[in-house]
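Good morning, everyone, and thank you for making room for me on today's agenda. I would like to walk you through one protein model, going slowly from the whole chain to a few chosen residues.

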Amino acid sequence: MLFFHRSPVAVLALAALATGCANYQPPKPIIGGFLSPQISRTSCIDAVSRERKVPKEDVKPLYDSQTMEEGFYVVTLSIGAGQPNINCTVNENGVVSDVIRAR
């Protein structure tokens, strides 16, 4: 029954726990199986189409992942059967920073 007495330490611990829970923000929802915003995937499709000289309709996003830095994503795209997949690094605003062959 020692836990239930109102010591200053117990009150501070409970207040810290309540504050931490109040500030919790759940992760962003995954829409259509992708973490990245639509504008990011569209920008990657445009960049890959230009760089690899393939029609935009042939470039399909397969999956993506968030990088260690919040707001940046790596989108893996297919450019057609028999072709290697392409990784596109892009931010949440659609600014592409890198387009390379996936390993």
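Before we look at any residue, one term is needed: a polar contact is a pair of N or O atoms within 3.5 Å, and within protein one of the two must be able to donate a hydrogen while the other must be able to accept it. Please also keep in mind that what you see is a predicted model.

With that term in hand, let me begin at R41, where the backbone oxygen of S36 lies 2.4 Å from a polar atom of the R41 side chain. R41 itself sits in helix α2, which covers residues 38–52. Which side chain of opposite charge is nearest to this buried residue, and how far away is it? That side chain is D64, at 4.6 Å, and R41 has no salt bridge. The cut-off explains this, because a salt bridge needs a side-chain nitrogen of Lys or Arg within 4 Å of a carboxyl oxygen of Asp or Glu. If we set aside neighbours within four places in sequence, R41 is in contact with F34, S36, P61 and V75.

Let me now step back to the chain as a whole. There are two helices and four strands, and, read from the N terminus, the elements follow the order α-α-β-β-β-β. The chain has 103 residues, of which 29% count as buried. Its accessible surface comes to about 7,600 Å², and 61% of that surface belongs to carbon and sulfur atoms. When we take the contacts between residues at least 6 apart in sequence, 35% of them join residues at least 24 apart.

Where, then, is the salt bridge that the structure does hold? The structure has one, and in it the side chains of K56 and D46 meet at 3.2 Å, from N to O. K56 belongs to the loop between α2 and β1, whereas D46 belongs to helix α2, and the two are 10 residues apart. K56 is partly exposed, because its relative accessible area is 46%, and D46 also counts as partly exposed, because its relative accessibility is 24%.

Next comes the covalent link, since a search of the whole structure finds one disulfide. C44 and C88 form this disulfide, with their sulfur atoms 2.0 Å apart. The pair links distant parts of the chain, with C44 in helix α2 and C88 in strand β3, which covers residues 86–91, so that 44 residues separate them in sequence. The angle about the S-S bond is -80°, and the link is left-handed. Are these two cysteines buried or exposed? Both C44 and C88 are buried.

Staying in helix α2, we also find S43, which counts as buried because its relative accessibility is 17%. Leaving aside neighbours within four places in sequence, S43 is in contact with G94 and V96.

Finally, let us turn to I86, which is found in strand β3 and which is buried, because its relative accessible area is 0%. I86 and R101 are 15 residues apart along the chain, yet their C-alpha atoms are separated by 4.5 Å. Not counting residues up to four places away in sequence, I86 touches a list of residues including V48, R52, V75, L77, V99 and R101. V75 is worth finding on your screens, as it also appears among the contacts of R41, where we began.

Key. Residues are numbered from 1 along each chain as its sequence is written. This is a predicted model: local features need pLDDT of at least 70, side-chain atom pairs count only at pLDDT 80 or more; totals for chains, interfaces and linings use all residues. Side-chain values use heavy atoms; hydrogens and water are left out. Buried means under 20% relative accessible area, exposed over 50%, partly exposed in between (1.4 Å probe, protein chains only). Lys and Arg count as positive and Asp and Glu as negative; His and the chain ends are not counted. Contact means heavy atoms within 4.5 Å. Accessible areas come from the Shrake-Rupley method with a 1.4 Å probe; for residues, only the protein chains shown count as cover. A disulfide is a pair of cysteine sulfur atoms within 2.5 Å.
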